[in-house]
Amino acid sequence: MPVVVVVGSQWGDEGKGKITDYLALEADVVVRYQGGPNAGHTVVVNEEEFQLHLLPSGILYPEKLSIIGNGVVVDPLILVDELEAMHKRGRDTRGLRISDRAHLIMPYHKILDALQEESMGESKIGTTLKGVGPAYMDKAARVGIRVGDLLEPALFKERLQANLSDKNRVLKYIYGKDTLALEPILDSYLEAGEYLAPYITDTAVLINHAIDEDKKLLFEGAQGTLLDLDHGTYPYVTSSHPVAGGACIGAGVGPTKIDEIIGVVKAYTSRVGDGPFPTELLDETGDWIREKGHEYGVTTGRPRRIGWLDLVMLNYAAVLNGFTGIAFTRLDILSGLDVVKVAYAYERDGQIVREFPASFKELAKCKPIYKEFPGWPEIDPNVRTFDQLHPNVQDYVKFVSESIGVEPSIISLGRGREDSLTLRNVFGM
Ligand code: IMO
Ligand code: MG
C-alpha cells in the first residue's frame, strides 16, 4: 500500500494543510516529520476552520493515527494548548502519538531566537520567533532535551540544569539579559509532560508496523522546499528538512518505503520573512492577491509577500523532491485577473538562467522572464473532471505540469475539504 509524502514546493503556505486533510480521508496514519510550531496549517471542515501548528492535519479524523515524528521540534506548552483547544471544540485527540525522540523547544530557545534576530539587524532571517532554529541548534550540538526525557523527571532536571548553566551565561554575558530560573521551567515542563505522557511513544516502530501491515500512510511536510536548510534559499531558510528526503529521517523509515511524493504548488508564490524573491509583485496586483487570498501568516499574522508562479524554482523543487504528482492550490484566488503570469526563466547580466542559483546574492540579481496567460472567471467548486474546468485554467495547469514534467494529481477548487478535484488517486485505489 502506498506511502505518500506531501511536500510544499515553494516557500511554505502552499495549502499543504488542505491537501493533507483531503488525502487523509484515505489514509490510516498521518505523520508530521519536521518543523515545529513555526508551521500554520489551515484546514476547513464543514465550514469550520482549524489552524494547526504542531498537530498533524490527520487529527481531524479521530479514528486515524496522527503522529508527531522524531524530526519535529515540540514546544510542549503550545502542544498542550492546541490539544485543549481541540477538546473544547469537542474533538477527540486519542489518535495522537508523539515521538519520544523528538526534541523539545525550551523557553531559552524562544528568547535566543529573538535575540539572535535582533543582533542581526538588517540581515535578519525574519523567523517566526518560536524557538525552532535554536532548538535544532541544540539537537545538532548534542545538548538537546527530548520529549522522552519529560517522562524521567530526575533526568529531565539534570539536563535542564546543564543547559541552563550554559544558556544563562550566554544570556548574561553576550546579550546582557536576565538569567532564567530552573524551577518555573521545571514545573511547567513536567506538568506538560504528565499531560502528554499517554501520547508519547516510539513512533518509528508504530510507523514501520503500519507499513508492514499494508496500511496507508501520509507524511505531511511543514514549510516548503525553498525553506529547506540544505536546499533552500540559505540563509533565509528554516532549520529543518521539509524536502521529501526529510520524511525518511524525520519519521524513521527507509527511502525504499516511499511510493509517492506529491508537491503542493500554489498557483502564485508567497513568502514570509526576508530574502530575495524574483517574481515578487510590489504593486496593486500583489495587494489584490494578498487580500483576496487572505495571505497573512497563520502563525505570526505577518502580511505575506506575493509574486507570480516561478517555474525555475518549481523545476528545482520537482527534481530535489522527485515529485510523482502535483497538487495545485489557489487557482480560485487568481480568478478575475485579466492576465496571469508565470516566470519560465531568469535573465541575469544578459544571460538566460534556468538553474536556481545557490547564492542569494545571485538570486537577487535574477530578473524573471514571463509567459502571459489570459485569466479565468470564478472556479466552480463542484467541477468533477478536468475538462469541466475553464479552458484557460486547463491551459495554465497543463503548461506548468508539462514544464516541470510532473502530472497533476489533485486540483483544489476552494477552501473546503470537498472542494477538490482528484485526477489520479495517489493511494492507488
Ligand atoms: P507552513 O508549514 C512559511 C519561514 C519564516 C522565516 C524562516 C525561518 O505554514 O508552510 P523559523 O521560525 O522556521 O526559524 O523561520 O522560515 N517559515 C515559514 N514560512 N510557512 C511556514 O510554515 C514557515 N515556517 C517558517 O518566515 O522566513
Ligand atoms: Mg502556513
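A disulfide is a pair of cysteine sulfur atoms within 2.5 Å. Keep that in mind for the last exercise. This is a predicted model, in which local features need pLDDT of at least 70, side-chain atom pairs count only at pLDDT 80 or more, and totals for chains, interfaces and linings use all residues. Residues are numbered from 1 along each chain as its sequence is written, and side-chain values use heavy atoms, with hydrogens and water left out.

**Exercise 1.** Find which residues surround ligand 1 and where the ligand lies.

*Solution.* Start with the shell, counting residues with a heavy atom within 4 Å of the ligand. It holds 20 residues, and D13, K16, H41, T128 and T238 are the closest. Next, look at the domains, whose bounds come from an automatic or database domain assignment. Ligand 1 lies between domain 1 (3–95 + 202–422) and domain 2 (103–198), because both give residues to its shell.

**Exercise 2.** Trace polar contacts (N or O atoms within 3.5 Å) of ligand 1.

*Solution.* Begin at the backbone: a polar atom of D13 is 2.8 Å from an oxygen atom of the ligand. For Q223, a backbone N or O atom also sits 2.8 Å from a ligand oxygen. Then turn to H41, where a polar side-chain atom lies 2.7 Å from an oxygen of ligand 1.

**Exercise 3.** Count the disulfides and decide whether C248 and C366 are buried or exposed.

*Solution.* The count first: the structure has zero disulfides. Now apply the cut-offs, with a 1.4 Å probe and protein chains only: buried is under 20% relative accessible area, exposed over 50%, and partly exposed in between. C248 has 12% relative accessibility, so C248 is buried. C366, at 4%, is therefore buried.

How values were computed: Chains lettered and ligands numbered in written order. Polar contact = N/O pair within 3.5 Å; in protein donor to acceptor, adjacent residues only side chain to side chain.
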